[in-house]
Amino acid sequence: MKNLVFQYYIPYESFDADMGGRQMPEWAKAGQRSAQAYADNCGADYMFTTDRFFPHLDPRLDSIRLFYDPQFKQYDHVLCLDLDMLIASKDNVFERDIADVAMVHEYGVHTGGPAAWLRNVMDKPLHERGVIAYGKHLFGKDWMFPKSTRYPDERFRYLNGGFQLWSKEGRAKAKEHFTSIDNYVLHTRYTEQMYVNLQLSQPIFNVTEFSTTWNRMPYQWRGKPDGKLNHFLARTKFEMPRLEHTELSIWQGT
């Protein structure tokens, strides 16, 4: 089996510009070191890019290049990780059985810190870029996001795009069945996370849900980062260079 850990850095734009310009910021370098050390631990290749595969799109949509860029065809599994993550665990995720894709539902997203933002994004009408309304536009008036299989009490499944483990079969399905990214941008203006969630709602996709420990976010931490993989959202990123020298990162260089 040939596996890959993939990351990319493209300078932030607009209101997020303070998080990183053309020069890659220290938090991103910390995330890169952690992911590369994890790839080495798992016997996987590591790939890092700074080029834009879709020059006409928001750079945050570039993770979907996994389905279209021929250089990924050689890999059985590709783990795409955001740079704002530190990996603490040596558990080999490539040894887990998955079908098409494995991701993590954002447990608590409907009731925790991001709840108001998510409702605002999801529940507006189509002419105001509402994501659920756009889903019904794509898939029919009776369509709705599926429930989480791991956390069924949540309103609906909402997978975080920072951790995506794709099989070769899943990537081929995505290339064939994902609907137009340009149409999505035209109607919503949102990033890849909403797009991937919409597309994976199609019954043809077999989604494996990992526990939140594989993509643990600040509003889920019990006082401090406590996951196998911790995801430093927003401006918590700036803590990563300090924390990478602790047990929170598999990388323990100097």
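This passage describes the sheet, the helices packed on it and the aromatic contacts of a predicted model.

The central element is an open sheet of six strands. Its strand order is 2-1-3-6-5-7, and the pairing is mixed. Strand 2 and strand 7 (207-210) stand at the edges. Each has a single partner strand, so one side of each is left without a neighbour in the sheet. Neighbouring strands are turned against each other by 25 degrees on average, direction ignored. Strands of a sheet pair through backbone hydrogen bonds, and the pairing is either parallel or antiparallel. Both kinds occur here, as the mixed pairing implies.

Strand 3 (77-81) pairs with strand 1 and with strand 6. Strand 1 and strand 3 run parallel and are joined by four bridges. In this pair, Asn3 stands opposite His77. Strand 3 and strand 6 (residues 159-167) run antiparallel and are joined by five bridges. Here His77 stands opposite Ser167. His77 thus faces a residue of strand 1 (3-8) and a residue of strand 6. Five of the five residues of strand 3 are buried, so the strand is largely enclosed by the rest of the structure. Both of its faces are covered. His77, Leu79 and Leu81 are buried on one side. Val78 and Cys80 are buried on the other.

Strand 7 is an edge strand, yet both of its faces are covered. Val207 and Glu209 are buried on one side, and Thr208 and Phe210 on the other. Strand 7 pairs with strand 5 in the parallel sense, over four bridges. Val104 stands opposite Phe210 in this pairing. Phe210 also carries a charge contact: Arg96 lies over the face of its ring, at 4.1 Å from the ring centre.

Glu209 is the charged residue of interest in strand 7. Its relative accessible area is 7%, and because buried means under 20%, Glu209 counts as buried. Outside its sequence neighbours up to four places away, Glu209 touches Met103, His105, Lys147, Ser148, Thr149, Arg150, Tyr151, Arg157 and Leu159. One of these contacts, Tyr151, is 58 residues away in sequence. The C-alpha atoms of Glu209 and Tyr151 are 9.4 Å apart.

Two helices pack on the sheet. Helix 1 (residues 26-42) has 17 residues. From first C-alpha to last, helix 1 reaches 25 Å, close to the 24 Å expected at 1.5 Å a residue. Helix 1 touches strand 1, strand 2 and strand 3, and its direction makes about 155 degrees with that of strand 2. Its buried residues are Trp27, Ala28, Ala30, Gly31, Gln32, Ser34, Ala35, Ala37, Tyr38, Ala39 and Cys42. An α-helix has 3.6 residues a turn, so residues three or four places apart point the same way. The cover over the buried residues of helix 1 includes strand 1, strand 2 (45-49), strand 3, strand 4 (85-87) and helix 7 (240-243). Gly43 follows helix 1 and has a positive phi, near 70 degrees. Helix 6 (residues 192-200) lies across strand 5 (101-105), strand 6 and strand 7. It runs at about 55 degrees to strand 6.

Helix 2 (residues 115-122) contains Met122. At 1% relative accessibility, Met122 counts as buried. Leaving aside neighbours within four places in sequence, Met122 is in contact with Gly130, Val131, Ile132, Ala133, Phe145, Phe156, Tyr158 and Met194. Met122 and Asn206 are 84 residues apart in sequence. Their C-alpha atoms are 23 Å apart in space.

Aromatic contacts were examined next. The structure holds 20 aromatic pairs. In one of them, the ring centres of Trp143 and Phe145 are 4.7 Å apart. Their planes stand at 65 degrees; edge-to-face pairs have planes over 60 degrees apart, so this pair is edge-to-face. Trp143 and Phe145 are both buried. Phe145 is also among the contacts of Met122. Elsewhere, ring pairs link Phe53, Phe54, Phe67, Tyr68, Tyr134, Trp166, Phe178, Tyr184, Tyr195 and Phe205 into a cluster. A further charge contact involves helix 1. The charged end of Lys237 sits over the ring of Trp27, 5.5 Å from its centre. Trp27 is one of the buried residues of that helix.

Technical notes
Residues are numbered from 1 along each chain as its sequence is written. This is a predicted model: local features need pLDDT of at least 70, side-chain atom pairs count only at pLDDT 80 or more; totals for chains, interfaces and linings use all residues. Side-chain values use heavy atoms; hydrogens and water are left out. Rings of Phe, Tyr and Trp (its six-membered ring) pair if their centres lie within 6.5 Å; planes under 30 degrees apart count as stacked, over 60 as edge-to-face and the rest as tilted. Buried means under 20% relative accessible area, exposed over 50%, partly exposed in between (1.4 Å probe, protein chains only). A charge sits over a ring if NZ of Lys or CZ of Arg is within 6 Å of the ring centre and within 35 degrees of the ring normal. The expected span of a helix is 1.5 Å times one less than its number of residues. Contact means heavy atoms within 4.5 Å. Two strands pair if DSSP finds at least two bridges between them. Axes are lines fitted to C-alpha atoms, for helices over the stretch in contact, and angles run from 0 to 180 degrees between N-to-C directions.
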